[in-house]
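This report describes the fold, the core and selected residues of one protein chain. The sequence and the coordinates appear below.

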Amino acid sequence: MHYIEESKKSVEEVVETIQKIISNFGFGILHIHNVKNTLNSKGIDFDNECQILDVCSPKVAEEFLSHDMSLSVIMPCKISVYSDKGITKIGMNSLTQLVDDINPDFIQLAQQTQKTLLQIIDEVK
């Protein structure tokens, strides 16, 4: 399952807004992958804007990893901001579902973390 919201802002505006507010939610950005620029630099003519943000809450990461290192395969969380037929979209996978597939003991923390990520998306759209 994944979540997708539309925005009237440009991809760049959404990414900039996430960068400004994410620390208010206890998260940080580890890296931003600019897919269009990367593909263009490899000689691929790709027109759609697409930036994938690797986001992480140190407290959540510590809780997951101190109990089950196999949860590292779903980290960091990703928020994708992209244009599709001229419409800016913000998406993410269901963290709850990903955690449930690996270790259901952490479903409550996953639900809480997912709720926070969805609040971030709702605020920036």
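In which helix is Glu-16 found? Glu-16 is found in helix H1, where helices (H or I, at least four residues) and strands (E, at least two) are DSSP runs numbered from the N terminus.

## Basis of the values

This is a predicted model, in which local features need pLDDT of at least 70 and side-chain atom pairs count only at pLDDT 80 or more, whereas totals for chains, interfaces and linings use all residues. Residues are numbered from 1 along each chain as its sequence is written, and side-chain values use heavy atoms, with hydrogens and water left out.

## Overall fold and dimensions

The protein chain contains 5 helices and 5 strands. Their order along the sequence is β-α-β-α-β-α-β-β-α-α. The C-alpha atoms occupy a box of roughly 45 × 30 × 25 Å along the principal axes. The radius of gyration of the protein chain is 15 Å, which agrees with the value near 14 Å for a compact globule of 125 residues. This quantity is taken over C-alpha atoms, and the globule rule is 2.2 Å times the number of residues to the power 0.38.

Contact means heavy atoms within 4.5 Å. Of the contacts in the protein chain with a separation of 6 or more, 66% are made by residues 24 or more positions apart.

## Surface and charge

The accessible surface amounts to about 7300 Å², and carbon and sulfur atoms hold 50% of it. These areas come from the Shrake-Rupley method with a 1.4 Å probe; for residues, only the protein chains shown count as cover. Of the 125 residues, 39% are buried; buried means under 20% relative accessible area, exposed over 50%, and partly exposed in between (1.4 Å probe, protein chains only).

The protein chain carries 11 positive and 18 negative side chains, and the centres of these two sets are 6 Å apart. Lys and Arg count as positive and Asp and Glu as negative, while His and the chain ends are not counted. Each charge is placed at NZ of Lys, CZ of Arg, CG of Asp or CD of Glu.

## The nonpolar core

In soluble globular proteins, nonpolar side chains tend to be buried together. A nonpolar core is here a set of buried Ala, Val, Leu, Ile, Met, Phe, Trp, Tyr and Cys residues joined through side-chain atoms within 4.5 Å. The largest such core has 27 residues, and those touching the most other members are Ile-18, Val-55, Phe-64, Ile-79, Val-81, Val-99 and Leu-117. At least two core residues come from each of helix H1 (11-21), strand E3 (50-56), helix H3 (58-67), strand E4 (77-84), strand E5, helix H4 (95-102) and helix H5 (107-124). H5 gives the largest share, 6 residues.

Beyond residues up to four places away in sequence, Val-55 touches Ile-22, Phe-27, Gly-28, Ile-29, Pro-76, Cys-77, Ile-79 and Leu-117.

## Backbone features

Most residues other than glycine have a negative phi, and most peptide bonds are trans. The bond from Met-75 to Pro-76 is cis, with omega near -10°; Pro-76 belongs to the loop between H3 and E4.

Lys-85 has a positive phi, near 55°, and is placed in the loop between E4 and E5. Lys-85 counts as exposed because its relative accessibility is 79%. Gly-86 is found in the loop between E4 and E5 and counts as exposed at 75% relative accessibility. Between Gly-86 and Ser-10, 76 residues apart in sequence, the C-alpha distance is 9.3 Å.

## Selected residues

Glu-16 has a relative accessibility of 36% and therefore counts as partly exposed. Its C-alpha atom is 32 Å from that of Asp-101, with the two positions 85 residues apart in sequence terms. Asn-93, in strand E5 (residues 87-93), is 91 residues from His-2 in sequence, yet their C-alpha atoms are 4.2 Å apart. Not counting residues up to four places away, Asn-93 touches Met-1, His-2 and Leu-98.

Thr-96, in helix H4, counts as buried because its relative accessibility is 14%. Outside its neighbours within four places in sequence, Thr-96 contacts Ile-107, Ala-110, Gln-111 and Gln-114. Thr-116 lies in helix H5 and counts as buried at 16% relative accessibility. Setting aside residues up to four places away in sequence, Thr-116 touches Phe-25 and Phe-27.
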